[in-house]
Amino acid sequence: MEIDNQTWAREFILLGLSSDWDTQVSLFVLFLITYMVTVLGNFLIILLIRLDSRLHTPMYFFLTNLSLVDVSYATSIVPQMLAHLLAAHKAIPFVSCAAQLFFSLGLGGIEFVLLAVMAYDRYVAVCDPLRYSVIMHGGLCTRLAITSWVSGSMNSLMQTVITFQLPMCTNKYIDHISCELLAVVRLACVDTSSNEIAIMVSSIVLLMTPFCLVLLSYIQIISTILKIQSTEGRKKAFHTCASHLTVVVLCYGMTIFTYIQPHSGPSILREKLISLFYAILMPMLNPMIYSLRNKEVKGAWQKVLGQLSGLISKLAT
């Protein structure tokens with residue numbers, strides 16, 4: 001009975017990035033500012049899309065979903081990480097650790113499927129523009145968005161259940177910034193081959209399959225763009241995809257490197273840095289990428305700011 005009780009930890013200790021107090025305070029300030037910019041930027045994008053009727057299109061419907069995923073993903077990790085940077089005892093309860101793994105893994109999976117859906121949207125827009133509104137109708141867009149959320153959540157639920165059924169024995173120190181899948185699996189005091197196979201399979205289904213669909217979409221898109229006779233036409237077609245393509249390159253690269261070969265993957269330090277990239281930088285960069293590289297979004301910002309300036313002038317007089 002005593003041995004059985006030792007197989008379940010009531011809490012875990014997250015080792016984080018550094019044990020130096022001055023470094024932790026500096027990181028707290030940096031990550032807090034970044035998180036605030038992330039939340040503000042993504043909510044402003046969502047609000048802008050809601051306010052401007054010109055942005056009520058499939059592309060911006062999916063962008064709204066992407067912004068919700070980004071801010072939720074950051075929120076599943078960053079607040080707890082900020083609290084631990086200023087805490088002497090960096091403990092996280094068993095249930096909270098499981099919940100964090102479920103939400104972060106689920107939201108990550110949702111984002112990968114959603115990026116593939118957005119690639120299909122861009123494919124239809126460039127390769128079959130005359131039938132775009134017929135193909136990308138509201139019902140299809142809703143079903144594609146629901147598929148993204150359901151597939152990511154179901155995979156995360158499965159991975160969370162099988163991971164937290166592993167006996168951890170006396171291991172409770174997670175050498176990571178959060179309850180990340182590979183970091184938790186490493187705590188197990190039994191053979192984890194079946195878990196590694198499950199991670200590999202889910203990576204193929206929710207990471208490599210969407211990635212291949214994105215790749216096929218952009219092969220068709222680039223082929224169509226190259227057939228356009230006018231330089232202006234090619235430039236306009238490319239600009240419709242530039243923001244999404246930038247996000248795809250940033251988002252898929254390091255995750256494929258991390259999860260396709262979990263047993264012989266990157267070092268623990270590199271895993272931490274990759275997790276920081278996805279939890280802090282990517283959610284902050286996405287709204288900036290779509291704002292700075294997209295004429296429609298910039299036009300919508302100018303319209304809203306103009307209306308706001310006019311309202312302030314009226315109130316002042």
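1. The sheet in this predicted model is an open one of 3 strands, arranged in the order β2-β1-β3 and with mixed pairing. Its edge strands are β2 (91-93) and β3 (173-174), each of which pairs on one side only. As a general reminder, the strands of a sheet pair through backbone hydrogen bonds, and they may do so either parallel or antiparallel.

2. Strand β1 (residues 11-14) and β3 run parallel and are joined by 2 bridges. If you wish to find this pairing in the structure, look for L14, whose bridge partner in β3 is I174.

3. Helix α4 (residues 94-127) lies across β1, β2 and β3, and its direction makes an angle of about 85° with β2.

4. The unreviewed UniProt entry annotates several stretches as "transmembrane region", among them residues 25-48 and 98-120. In the model, residues 25-48 are 100% helix and 0% strand, with the end C-alpha atoms 34 Å apart. Residues 98-120 are likewise 100% helix and 0% strand, and there the end C-alpha atoms are 33 Å apart.

5. Which residues touch the most other members of the largest nonpolar core? They are F31, L115, M136 and Y252, in a core that holds 59 residues, and helix α3 (residues 58-85) gives the most to this core, with 13 residues. A second, separate core has 20 residues, including F12, F164, V184 and A188.

6. Y252 deserves a closer look: leaving aside residues up to four places away in sequence, Y252 touches F112, L115, A116, L207, P210, F211, V214 and Y278. One of these neighbours, L115, is also named with Y252 among the residues that touch the most other members of the largest nonpolar core.

Key
Residues are numbered from 1 along each chain as its sequence is written. This is a predicted model: local features need pLDDT of at least 70, side-chain atom pairs count only at pLDDT 80 or more; totals for chains, interfaces and linings use all residues. Side-chain values use heavy atoms; hydrogens and water are left out. Two strands pair if DSSP finds at least two bridges between them. Helices (H or I, at least four residues) and strands (E, at least two) are DSSP runs, numbered from the N terminus. Contact means heavy atoms within 4.5 Å. Axes are lines fitted to C-alpha atoms, for helices over the stretch in contact, and angles run from 0 to 180 degrees between N-to-C directions. UniProt positions are given in the numbering used here, feature names are shortened, and annotations may be inferred rather than shown by experiment. A nonpolar core is a set of buried Ala, Val, Leu, Ile, Met, Phe, Trp, Tyr and Cys residues joined through side-chain atoms within 4.5 Å. Buried means under 20% relative accessible area, exposed over 50%, partly exposed in between (1.4 Å probe, protein chains only).
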